[in-house]
Every structure is written in C-alpha cells, then in structure tokens.
Amino acid sequence: TEIINNRRKLMNIEENHPVDLDEIEQTVSATGYLVGEQFTAADLTAAALLAPLASPDHEDMSRPSPIVPSFQEILDSYSDNPTIAWVQKQYREQRS
C-alpha cells in the first residue's frame, strides 16, 4: 500500500510540475529574474529547489552515479524546458 501511495504522489508531481515551470518561465521572461531587475533571494530559492531537475554543470552539484533509470527518464523529460535552462544559467552566472 505504501508503494502504491508513493507512486500516486510521484504521478501527481509529474502532472503538476510543467504548470509551475511555465509560470516561472513567464515571470522571468521580462527581466530574467523572478522579482525586479536583479538577482534576489527569490531567484536563489527557485534555482536551488529546481537544481535536482536541472543538473547544473557546477562542481558543487555533482550527482551520484549511476542514476536510477526511472529518475533519468524524469530528468530527460525536463531537459529542454526553458525554466530548466534558466536554472542552469543562474548557476553559471551566480555561482562563478
């Protein structure tokens, strides 16, 4: 029963995440930031929370290997998302 409940939770997350990512994309499209015209705690928080999906190329963000195939599928499904690209950009620009 616990496995079934966990699977239902995962399915719900997968169904709802694209909407949330679309909202972030729309918000940052004007200035590149979530609030105002400069990097703020809001950008830091969003980038940090989305980093596991974005897999930023940063030495502090190395991921254990191998990646479980089911998780790799999730990563692959988000790899072309504009919000994921935004997260990767934040790591490149803000964590240099």
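The accessible surface of the chain in this predicted model comes to about 6900 Å², and carbon and sulfur atoms account for 53% of that area. Of the 96 residues in the chain, 25% are buried. The secondary structure consists of four helices and zero strands, and the order along the sequence reads α-α-α-α. Among contacts with a separation of 6 or more, 66% are made by residues that stand 24 or more positions apart.

**Contacts across the sequence**

Two buried residues illustrate how parts of the chain that are distant in sequence are placed relative to one another in space. V28 belongs to helix α1, which spans residues 2–28, and V28 counts as buried because its relative accessible area is 9%. The C-alpha atom of V28 lies 8.7 Å from that of T83, although the two residues are 55 positions apart along the chain. When residues up to four places away in sequence are set aside, V28 touches Y33, L34 and W86.

Y91 belongs to helix α4, which covers residues 82–94, and Y91 is likewise classed as buried because its relative accessibility is 9%. Between Y91 and A54 there are 9.9 Å from C-alpha to C-alpha, with a sequence separation of 37 residues.

**Charged residues**

Side chains of opposite charge can pair when their charged atoms come close. How many salt bridges does the structure hold? There are two salt bridges in the model, and they are set side by side in the table.

| Salt bridge | N to O distance | Relative accessible area |
|---|---|---|
| D60 and R95 | 2.8 Å | D60 49%; R95 36% |
| K89 and E93 | 3.7 Å | K89 33%; E93 42% |

The salt bridge between D60 and R95, whose closest N and O atoms are 2.8 Å apart, links distant parts of the chain: D60 sits in the loop between α2 and α3, whereas R95 sits in the segment after α4, and 35 residues separate them. D60 is partly exposed because its relative accessible area is 49%, and R95 is also partly exposed, because the corresponding value for R95 is 36%.

The other pair, K89 and E93, whose side chains meet at 3.7 Å from N to O, is local in sequence, since both residues lie in helix α4, four residues apart, which is about one turn of the helix. K89 is partly exposed, with a relative accessible area of 33%, and E93 is partly exposed at 42%.

Which side chain of opposite charge is nearest to D43? That side chain is K89, at a distance of 9.8 Å, and D43 has no salt bridge even though D43 is buried. For a salt bridge, a side-chain nitrogen of Lys or Arg has to lie within 4 Å of a carboxyl oxygen of Asp or Glu. D43 is placed in helix α2, which runs over residues 41–54. Apart from neighbours within four places in sequence, D43 is in contact with Y33, L34, Q38 and W86. Y33, L34 and W86 are also named among the residues that V28 touches.

On the surface, D20, D22, E23 and E25 form a negative patch. One of these residues, E23, lies in helix α1, and E23 is classed as partly exposed because its relative accessibility is 46%.

**Backbone features in the loop between α2 and α3**

Most residues other than glycine have a negative phi, and most peptide bonds are trans. Two places in the backbone of this model depart from that pattern. S55, which is placed in the loop between α2 and α3, has a phi near 50°, a positive value in a residue other than glycine. S55 is partly exposed, because its relative accessible area is 34%.

S65 and P66 are joined by a cis peptide bond, for which omega is about 5°. P66 is located in the loop between α2 and α3, as is D60, the residue that forms the salt bridge with R95.

Technical notes. Residues are numbered from 1 along each chain as its sequence is written. This is a predicted model: local features need pLDDT of at least 70, side-chain atom pairs count only at pLDDT 80 or more; totals for chains, interfaces and linings use all residues. Side-chain values use heavy atoms; hydrogens and water are left out. Patches are made of residues with over 30% relative accessible area and no salt bridge: like charges are joined within 9 Å, nonpolar side chains (Val, Leu, Ile, Met, Phe, Trp, Tyr) within 5 Å. Accessible areas come from the Shrake-Rupley method with a 1.4 Å probe; for residues, only the protein chains shown count as cover. Lys and Arg count as positive and Asp and Glu as negative; His and the chain ends are not counted. The place of a charge is taken as NZ of Lys, CZ of Arg, CG of Asp or CD of Glu. Helices (H or I, at least four residues) and strands (E, at least two) are DSSP runs, numbered from the N terminus. Buried means under 20% relative accessible area, exposed over 50%, partly exposed in between (1.4 Å probe, protein chains only). Contact means heavy atoms within 4.5 Å.
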